[in-house]
Amino acid sequence: MATQVVMPKLSPTMEEGQLARWLKNEGDKVSVGEPLAEIDTDKATMEAQALTSGVLRKILVPAGETVPLGQIIAIIGEPDEDISGLVAQAESDAAPAANKQQIEERVEAGQDGAQKELAQVVPGGARTQETIEGQPLKGDVGGQATTGAAQAQTTASDKAQATATQPTDGGNGQRTGGRVVVSPLAARMAADAGINLQTLAGSGPGGRIVKRDIEAAIKEGQQRPQAQAQAQAQPEQRAVETRAQQPAPQFQQPAAASASPYRDEPVSTMRATIARRLATSIGPVPHFFLTTEIEMDKVADLRQQINESDKENKVSVNDIIIKVAAVALVRHSQVNASFQDKVVRYYERADIGVAVAIEDGLITPVVRAAETKTIGQISREVRALAERARARKLQPEEYTGATFSISNLGMFGIDEFTAVINPPEGAILAVGAMQPKPVVRDGQIVVRQMMRVTMSCDHRVIDGATGAKFLQTFKQLLENPLLML
Amino acid sequence: MSELKVKPLKPRGPSAAPASAGVVTERGPDEIDQAELRAEHQERQQHLHASIEGLERETLLNMLSQMVLIRRFEEKAAEAYTLGKIGGFCHLYIGQEAVAVGSIAALRPDDYVMTSYRDHGHALARGTSPDEVMAELFGKAGGCSAGKGGSMHLFDRDNHFLGGHAIVGGQIPLATGVAFAAKYKGTDQVSCVYFGEAAVNQGVFHESLNMAQLWKLPCIYICENNQYGMGTALKRAMSLSDVSQKACAYGMASEFVDGMDVLAVYEATRRAAARARKESQPSLIEVRTYRFMGHSMSDPGNYRTRAEIEKYQERDPVKVFIESLKQKQIVDDATIKEIEDRVRAQVEHAIKFADSSPEPAPEELHTHIYANPIK
Amino acid sequence: MAVITIREALNQALREELERDENVFLMGEEVGAYQGAYKVSKGLLEEFGEKRVIDSPITELGFAGLGVGAAMVGLRPVIEFMTFNFSILATDQIINSAAKMLYMSGGQFKIPIVFRGPNGSAYQVSSQHSQALESWYAHFPGIKVVMPSTPADAKGLLKSAIRDDDPVIFLEQERMYGLKGEVPDDGDFTIPLGVAEVKREGTDATIVARSLTVPLALKAAEELEKQGVSVEVIDPRTIRPLDIETIIKSVQKTNRVVIAEESHPFCGVGAELSAQIMERAFDYLDAPVKRISGADAPMPYAKNLEKLALPDIERIIAAVREVAYL
């Protein structure tokens with residue numbers, strides 16, 4: 001039976017071979033082990049030997065050609081055997097490719113096998129590595145700015161302690177380029193005891209904070225509960241306490257009266273991680289998007305009623321949306337928020353930025369404390385602001401410091417779109433056109449005025465569920481405006 | 001069988017004329033003299049015919065079967081290598097079959113055999129299943145070393161095959177130690193170790209021969225002189241290239257044997273085994289042989305002329321043995337075909353077995369490091 | 001309990017194991033007629049004869065390989081290197097044959113062999129005769145490495161090593177052969193391989209020492225106690241397998257570590273210990289692990305330079321004070 005001669009693998013790394021010279025001619029007798037051809041591999045010139053005996057019936061690859069591993073290069077058979085089938089098969093592309101693939105798969109299986117084995121053996125190693133990597137992280141928690149809770153707990157006594165423990169060499173010797181130098185043990189002890197390493201001077205070499213420094217700090221801390229209590233009594237300091245400790249938060253009064261009061265909450269470790277990771281994944285503000293469809297018939301009715309009662313001051317659907325958004329924002333302060341690197345800032349008021357298209361761009365004048373204003377007030381304010389915007393007469397305080405923005409492209413017939421957040425705001429709502437659509441209500445297909453909105457959220461402050469809850473309220477209020485009362 | 005039908009061509013060692021102080025041979029540094037070799041081969045042909053008469057037909061057929069098995073097995077291994085089924089190094093034994101088969105046939109099953117990395121032939125001659133040898137080459141769990149040793153490290157404790165060892169000469173002191181143990185325990189077992197002529201240049205060859213003769217250890221040192229240490233011809237690497245003469249330095253008995261003649265190897269080993277068993281004396285046997293393939297599968301063998309290879313192929317040990325057996329009417333074509341068919345089936349089975357044997361389990365990476373592991 | 005030297009303890013262990021198991025034999029240069037270059041094998045030739053106690057030619061690679069071969073077929077050789085400096089000639093057989101045989105034969109051939117002899121520094125014998133090689137051998141999976149520091153450990157561990165089914169590198173210390181200590185009289189007294197010993201308990205710092213540096217560490221600990229520093233001294237005794245748990249437990253208690261060794265620091269056992277402590281007890285460290293090692297230089301002949309090249313009590317004390325921030 002005729003057999004195919006394939007380009008053999010003649011070195012461990014060979015992928016293709018050049019047929020240097022045929023040592024037999026078509027029609028020559030060959031026997032097992034006899035050299036058929038010389039092949040140049042990546043390593044050397046090798047002889048390809050016949051693996052079967054017979055007559056070299058057909059040479060398919062002439063001397064000088066380079067072909068991949070597994071390519072059929074010749075056919076050996078009986079002198080009078082019909083080899084047309086094999087020749088046809090060899091000349092079609094599929095067979096050589098399949099051969100090559102087979103050889104390569106075997107070679108790779110060997111390699112992969114090893115890798116798989118390694119991969120399966122590695123888990124133990126990987127765990128070890130996790131542990132190793134986990135530990136420096138712990139060290140970081142203590143070492144770098146102590147973060148989160150520890151800092152919050154000790155900020156109150158920062159000043160007093162910093163004065164008390166100021167090293168004599170004229171500065172915190174333990175800081176090298178802003179980094180706290182601390183032994184791993186001391187870092188862990190500090191984290192456990194909630195001690196801010198920034199406040200300590202190390203007694204080790206180069207100001208390294210070591211075990212005894214933490215022990216001393218703990219001892220000192222126990223002797224000064226009084227001083228700490230006094231420090232905490234100051235309202236300014238209380239602002240940094242967590243909400244759990246302070247159910248009725250007091251808000252800082254901002255310097256500019258035009259901006260919303262806010263309270264700063266320290267960025268938790270988790271929050272910092274979310275911020276860092278998401279920012280790394282997409283740009284500095286990691287966006288995500290939530291879309292919902294809202295039935296607007298009642299809003300349309302409400303608008304009609306308002307406009308019938310006061311024909312001088314007609315309101316738009318967008319004015320109602322601003323009002324509703326503001327009410328919902330106050331109910332969901334997590335969305336009325338801003339990522340401020342070390343803290344997340346939660347605003348007390350809903351200052352709504354309203355995107356206004358102007359001749360060569362876009363500006364977002366702000367409706368301050370929209371939740372406190374009537375729809376009519378909002379309407380008048382928006383109109384005035386838009387006019388001033390188009391006239392380029394807006395003052396900076398009129399278009400900065402929004403806590404949330406709304407962009408409405410419904411008037412352009414846009415069904416649905418996504419808007420880009422205007423930093424440092426936490427979110428922006430993109431409002432599409434209101435249009436009649438068939439919907440199912442109580443098992444019946446009816447026509448309703450539907451509107452699609454998409455909220456872009458800054459994932460550093462807003463998570464999927466918090467955003468969704470806000471939108472849920474927003475939708476409920478629009479679908480039942482009476483709930484606002 | 002009668003002793004010493006034909007005298008060794010170049011008797012050496014204590015029984016021969018003692019080496020002169022200057023260790024000068026008449027033709028200077030030994031060279032492979034083709035004319036002389038041919039003459040030797042002629043003489044050997046007659047020897048072969050003569051010694052066949054002294055052996056049982058069954059013994060002869062067994063030897064032939066083993067030689068054919070090794071030849072076909074190695075051809076199949078070469079094929080499997082080109083198909084990517086065998087990785088790493090693969091040193092084939094084609095051309096040297098008479099050495100392992102002839103010598104191992106002269107040993108008892110409880111004697112010990114140890115060799116270098118060119119070890120497929122010895123394992124098969126020793127009785128290791130072709131299935132397990134092929135599976136080992138394939139790196140499979142069913143291999144004779146559980147897939148951890150590979151081509152160069154075949155081991156088979158049940159058949160007293162103490163392995164292939166891959167540092168040139170590394171097996172020589174090990175086998176010396178095996179002989180030491182046999183003598184220590186008072187068994188009359190013999191340790192037989194194979195190495196290439198290039199290993200003779202390693203210090204440990206000389207250290208081992210010294211100890212073996214000093215302590216009279218039952219060890220047979222078989223130098224498979226295939227005349228090339230990888231790509232370097234013997235005469236380019238050894239000042240005195242007559243290997244059997246090296247034994248003189250230690251007062252050890254030695255012989256030079258034609259490695260293309262399976263029965264010459266058999267007889268020389270028989271003599272050495274008897275010397276080891278009865279007198280507890282070591283021997284060095286230089287077996288002049290030739291590998292028909294490259295050093296390993298990735299060696300094109302460019303350093304040898306085609307003419308040289310062809311000269312040796314005329315003396316192909318398998319072919320020569322078959323011809324002699326036919327002339328003596330021990331076998332006919334039908335018997336040969338029968339053997340070939342049986343061997344082909346064995347080798348095909350070995351490939352199937354190796355293909356279907358599972359890969360070693362991942363946890364095998366960490367087993368067999370210690371016999372008494374301590375956590 | 002008798003008070004004997006390490007030399008006598010080793011001699012007892014060899015005698016008892018030669019008596020106990022016919023398959024045990026001792027081979028090496030000058031182990032027989034000469035009674036051992038350091039007299040460890042004193043009297044054994046007379047007692048057990050030339051079959052069991054064998055003077056070898058000076059042929060380290062050869063007799064190391066012979067031992068491994070004998071172990072393959074069931075004997076339990078004890079191969080003595082006159083000093084471990086000469087074992088360097090035999091490393092092919094120790095590493096390529098002994099360490100790997102079980103593995104590459106798929107579990108078929110175990111190698112129950114002990115390579116023993118003095119390791120480390122001697123007195124003014126210069127570069128080729130004063131070096132500690134434990135990190136070489138400990139590097140390779142398949143070998144066990146033992147380093148006793150007391151007569152009791154020497155005896156108990158050597159007996160375990162001879163009974164063990166794996167190749168064991170048993171490293172004695174020439175300067176310590178005369179060191180005396182109590183050894184249990186029980187003829188079947190052994191100490192398991194792979195178990196560290198807390199040689200002294202303490203709370204402020206841990207010294208991990210082995211072989212020559214164990215007595216130095218103990219003296220340093222005594223001195224430090226007078227200075228009000230409580231030091232724990234741990235001797236791993238077996239370098240491979242390493243009882244890291246005992247060391248980690250101590251580090252978790254004391255938070256500070258000094259490693260004392262006479263070998264070169266680079267890629268040494270101290271470096272390995274330091275890495276493992278960092279990996280496993282990072283959060284417990286109050287100071288970087290400190291190594292006191294032999295100099296990173298060949299051993300000089302001159303007495304003053306030789307002293308500088310070796311760890312001493314003063315340097316160990318200074319290191320402990322450094323990690324304890326004193």
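Biologist: What share of the 485 residues in chain A is buried?

Modeller: This is a predicted model, and in it 35% of the 485 residues of chain A are buried. Chain A carries 13 helices and 21 strands, and of its contacts with a separation of 6 or more, 64% are between residues 24 or more positions apart.

Biologist: And how much of chain B and of chain C is buried?

Modeller: For chain B, buried residues come to 57% of 375, while in chain C 62% of the 326 residues count as buried. Chain B has eleven helices and eight strands, and chain C has twelve helices and 14 strands. Among contacts between residues at least 6 apart in sequence, 78% in chain B join residues at least 24 apart, and for chain C the share from residues 24 or more positions apart is 79%.

Biologist: Back to chain A for a second: which residues of α4 are buried?

Modeller: Helix α4 of chain A, residues 184-193, is mostly covered, with eight of its ten residues buried. Those residues are Pro184(A), Leu185(A), Ala186(A), Ala187(A), Arg188(A), Met189(A), Ala190(A) and Ala191(A). Just after the helix, Gly194(A) adopts a positive phi of about 70°.

Biologist: Now the interfaces. How many residues does the contact take from chain C and from chain B?

Modeller: Chain C puts in 38 residues and chain B puts in 34. On the chain C side, α3 (60-72), α4 (91-98) and α5 (101-104) each supply at least two residues, and α3(C) gives the most, with ten. Sorted by class, that side of chain C has 17 nonpolar, 15 polar and six charged residues.

Biologist: What about chain C with chain A, how many residues are in contact there?

Modeller: There, nine residues of chain C are in contact with twelve residues of chain A. The side of chain C that touches chain A has five nonpolar, one polar and three charged residues.

Biologist: Switching to packing inside chain B, at what angle do α3 and α8 cross?

Modeller: The axes of α3(B), residues 97-105, and α8(B), residues 262-279, cross at roughly 40° and come within 7 Å. Because angles from 65 to 115 degrees count as roughly perpendicular and those under 35 as roughly parallel, α3(B) is oblique to α8(B). The crossing is right-handed.

Biologist: Which residues meet there?

Modeller: From α3(B), Ala98(B), Val99(B), Val101(B), Gly102(B), Ser103(B) and Ala105(B) meet Val262(B), Leu263(B), Val265(B), Tyr266(B) and Thr269(B) of α8(B). By class, this contact has eight nonpolar, three polar and no charged residues.

Biologist: Which residues touch the most other members of the largest nonpolar core?

Modeller: That core holds 231 residues, and those touching the most other members are Val178(B), Ile207(C), Ala217(C), Val258(C), Ile316(C) and Val320(C). Helix α2 of chain B, residues 57-82, contributes the largest share of the core, twelve residues. A second, separate core has 55 residues, among them Ala325(A), Val366(A), Ala402(A) and Leu478(A).

Biologist: What is Val258(C) in contact with, beyond its sequence neighbours?

Modeller: Leaving aside residues within four places in sequence, Val258(C) is in contact with Ala205(C), Ile207(C), Lys290(C), Ile292(C), Ile316(C), Ala319(C), Val320(C) and Val323(C).

Biologist: Different topic, backbone oddities: where are the prolines at cis peptide bonds placed?

Modeller: In chain A, a cis peptide bond joins Pro423(A) and Pro424(A), with omega about 5°, and Pro424(A) sits in the loop between β19 (404-408) and β20 (427-441). In chain C, the bond from Arg240(C) to Pro241(C) is cis with omega near -5°, and Pro241(C) is in the loop between β12 and α9 (244-254).

Biologist: And is Ala146(B), with its positive phi, buried or exposed?

Modeller: Ala146(B) has phi near 60° and is buried, because 23 other C-beta atoms lie within 10 Å. His160(B) has phi near 55° and also counts as buried, with 21 C-beta neighbours inside 10 Å. Ala146(B) lies in the loop between α5 (130-137) and β2 (161-164) of chain B, and His160(B) lies in the loop between α5 and β2.

Biologist: Last one: what does Pro236(C) touch?

Modeller: Not counting residues up to four places away in sequence, Pro236(C) touches Ala196(C), Val208(C), Arg210(C), Leu242(C), Asp243(C) and Ile247(C). Pro236(C) lies in the loop between β11 (231-235) and β12 (238-240) of chain C, and it counts as buried because it has 25 C-beta neighbours inside 10 Å.

How values were computed. Residues are numbered from 1 along each chain as its sequence is written. Chains are lettered from A and ligands numbered from 1 in the order in which they are written. This is a predicted model: local features need pLDDT of at least 70, side-chain atom pairs count only at pLDDT 80 or more; totals for chains, interfaces and linings use all residues. Two residues are in contact if their C-beta atoms, placed from the backbone, lie within 7 Å. Helices (H or I, at least four residues) and strands (E, at least two) are DSSP runs, numbered from the N terminus. Ala, Val, Leu, Ile, Met, Phe, Trp, Tyr, Cys and Pro count as nonpolar, Asp, Glu, Lys and Arg as charged, and the others, Gly among them, as polar. Axes are lines fitted to C-alpha atoms, for helices over the stretch in contact, and angles run from 0 to 180 degrees between N-to-C directions. Angles under 35 degrees count as roughly parallel, over 145 as roughly antiparallel, 65 to 115 as roughly perpendicular and the rest as oblique. A crossing is left-handed if the near helix is turned anticlockwise from the far one by less than a right angle, and right-handed if clockwise. A nonpolar core is a set of buried Ala, Val, Leu, Ile, Met, Phe, Trp, Tyr and Cys residues joined through C-beta atoms within 7 Å. A residue is buried if 20 or more other C-beta atoms lie within 10 Å of its own, exposed if 12 or fewer, and partly exposed in between; C-beta atoms are placed from the backbone.
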